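Visitor: Good morning. I would like to go through this model with you, if you have a moment.
Guide: Certainly; please put your questions as they occur to you.

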Amino acid sequence: GLKLELMPKHVAVIMDGHRRWARQKGLSVEQGHRAGGEKMKVLTRLCNQWRIKVLTLFAFSTENWTRPKEEVDFLMELFLDLASSQENLDEDNLRFSFIGDKSILSKSLREALILREETTKSNSGLHVMVALNYSGRQDILQATKSIASKVNNGHLAVKDIDSNIFEQELETHRAEFPEPDLLIRTSGEQRISNFMLWQLAYTELYFAKKLFPDMEQEDFIDALKSFQPRERRYGGS
Ligand SMILES: CC(C)CCOP(=O)(O)OP(=O)(O)O
Ligand SMILES: [Mg+2]
């Protein structure tokens, strides 16, 4: 069984396979994404119960904008519903953060995300970081620009730039454990897809064949059972 002392501190999930799931069931793409959203709540509750500290969910990447307009509009509506719903928030004492470029999102969605961050920032339960319009490369680039401007205006000396300084500039810096211990990707795809590139340097990878909307508690337990016995060598011995 699972050992509580071997639980990962930070789990990241690439929730993939919503359209294939819908197609297999003869449902609309929108119903596939809605099913994904419901499964996201199940996963969040499980991680909270397992005392996992941070759960980062890849909900929308910068590359997803190339999808049909009606699908993107639907996803944005879905995110707005999820970010503004009062459903079972307090009992789980969840904290929410949103990483990614909010500037091109609608005003109403951007405000809902900021409000949800503000109203939950002191919650001590699971910290759910939702990656929305996120790009691992953009994250590294914006951190680089921020550091360069600090050097430019004399607030930082080049010789003092180290991993710690750099990590403080990444969008994940607010998380108590910014580096994922375990990354789960569903639907059988085995790629990172421009997710958190700096942060995933030593993350254990787990690929599940099931489509995200089909993932059940035992499938997440399988991922944790695969993770727990692994030796984390961090390139060392
Ligand atoms: C927006 C994204 C997280 C949804 C993931 O599922 P998907 O739309 O990529 O579905 P498919 O991989 O089945 O095409
Ligand atoms: Mg996909």
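Visitor: What do the buried residues of H3 pack against?
Guide: This is a predicted model. In it, the buried residues of H3 pack against helix H1 (18–24), helix H2 (29–49), strand S2 (54–61), helix H4 (107–120) and S4.

Visitor: Which residues of H3 are buried?
Guide: Glu71, Val72, Phe74, Leu75, Met76, Leu78, Phe79, Leu80 and Ala83 are buried in H3.

Visitor: And what does H3 reach from its first C-alpha to its last?
Guide: Helix H3, residues 69–84, has 16 residues and reaches 22 Å, close to the 22 Å expected at 1.5 Å a residue.

Visitor: Let me step back. How many helices and strands are in the chain?
Guide: The chain has seven helices and six strands. Read from the N terminus, the elements run β-α-α-β-α-β-α-β-α-α-β-β-α.

Visitor: How does the radius of gyration of the chain relate to that of a compact globule?
Guide: The two agree, because a compact globule with 237 residues would have a radius of gyration near 18 Å, and the chain has 18 Å. Along its principal axes, the C-alpha trace spans about 60 × 45 × 35 Å.

Visitor: What percentage of the residues is buried?
Guide: Buried residues make up 47% of the 237 residues in the chain. The accessible surface comes to about 12,400 Å², and 51% of that surface belongs to carbon and sulfur atoms.

Visitor: What about contacts between residues 24 or more positions apart?
Guide: Such residues account for 75% of the contacts in the chain with a separation of 6 or more.

Visitor: And the charges: how many positive and negative side chains are there?
Guide: There are 33 positive and 35 negative side chains, and the centres of the two sets lie 2 Å apart.

Visitor: Turning to single residues, where is histidine 127 found?
Guide: Histidine 127 is found in strand S4, which covers residues 127–134.

Visitor: Is histidine 127 buried or exposed, and why?
Guide: Histidine 127 counts as buried because its relative accessible area is 4%, and buried means under 20%.

Visitor: Which residues does it touch?
Guide: Not counting residues up to four places away in sequence, histidine 127 touches Lys53, Val54, Leu55, Arg95, Phe96, Ser97, Arg174 and Ala175.

Visitor: Leu55 caught my eye. What does threonine 44 touch?
Guide: Threonine 44 touches Leu55, Leu57, Leu94, Leu126 and Val128, again not counting residues up to four places away in sequence. Threonine 44 has its place in helix H2 and is buried, with a relative accessible area of 8%.

Visitor: Back to S4. What is the phi of asparagine 133?
Guide: Phi of asparagine 133 is near 55°, a positive value in a residue other than glycine. Most residues other than glycine have a negative phi. Asparagine 133 lies in strand S4 and is buried, with a relative accessible area of 3%.

Visitor: And what is the phi of serine 193?
Guide: Serine 193 has a positive phi of about 55°, although it is not a glycine. Serine 193 is found in the loop between S5 and strand S6 (204–207), and it is partly exposed, with a relative accessible area of 31%.

Visitor: Since you mention S5, where does leucine 183 sit, and what is it in contact with?
Guide: Leucine 183 has its place in strand S5, residues 182–185. Leaving aside neighbours within four places in sequence, leucine 183 is in contact with Ala12, Val13, Ile14, Ile192, Phe195, Leu200, Thr203, Glu204, Leu205 and Tyr206. Leucine 183 counts as buried, at 1% relative accessibility.

Visitor: How far apart are leucine 183 and valine 13?
Guide: They are 170 residues apart in sequence and 5.7 Å apart in space, C-alpha to C-alpha.

Visitor: Now H7. What do its buried residues pack against?
Guide: The buried residues of H7 pack against H2, S5 and S6. In helix H7, residues 217–227, the buried residues are Asp219, Phe220, Ile221, Ala223, Leu224 and Phe227.

Visitor: One last point: where is threonine 144?
Guide: Threonine 144 is found in helix H5, residues 136–152. At 38% relative accessibility, threonine 144 counts as partly exposed. The C-alpha atoms of threonine 144 and phenylalanine 166 are separated by 7.8 Å, with their positions 22 residues apart along the chain.

Note on methods
Residues are numbered from 1 along each chain as its sequence is written. Chains are lettered from A and ligands numbered from 1 in the order in which they are written. This is a predicted model: local features need pLDDT of at least 70, side-chain atom pairs count only at pLDDT 80 or more; totals for chains, interfaces and linings use all residues. Side-chain values use heavy atoms; hydrogens and water are left out. Helices (H or I, at least four residues) and strands (E, at least two) are DSSP runs, numbered from the N terminus. The radius of gyration is taken over C-alpha atoms; the globule rule is 2.2 Å times the number of residues to the power 0.38. Buried means under 20% relative accessible area, exposed over 50%, partly exposed in between (1.4 Å probe, protein chains only). Contact means heavy atoms within 4.5 Å. Accessible areas come from the Shrake-Rupley method with a 1.4 Å probe; for residues, only the protein chains shown count as cover. Lys and Arg count as positive and Asp and Glu as negative; His and the chain ends are not counted. The place of a charge is taken as NZ of Lys, CZ of Arg, CG of Asp or CD of Glu. The expected span of a helix is 1.5 Å times one less than its number of residues.
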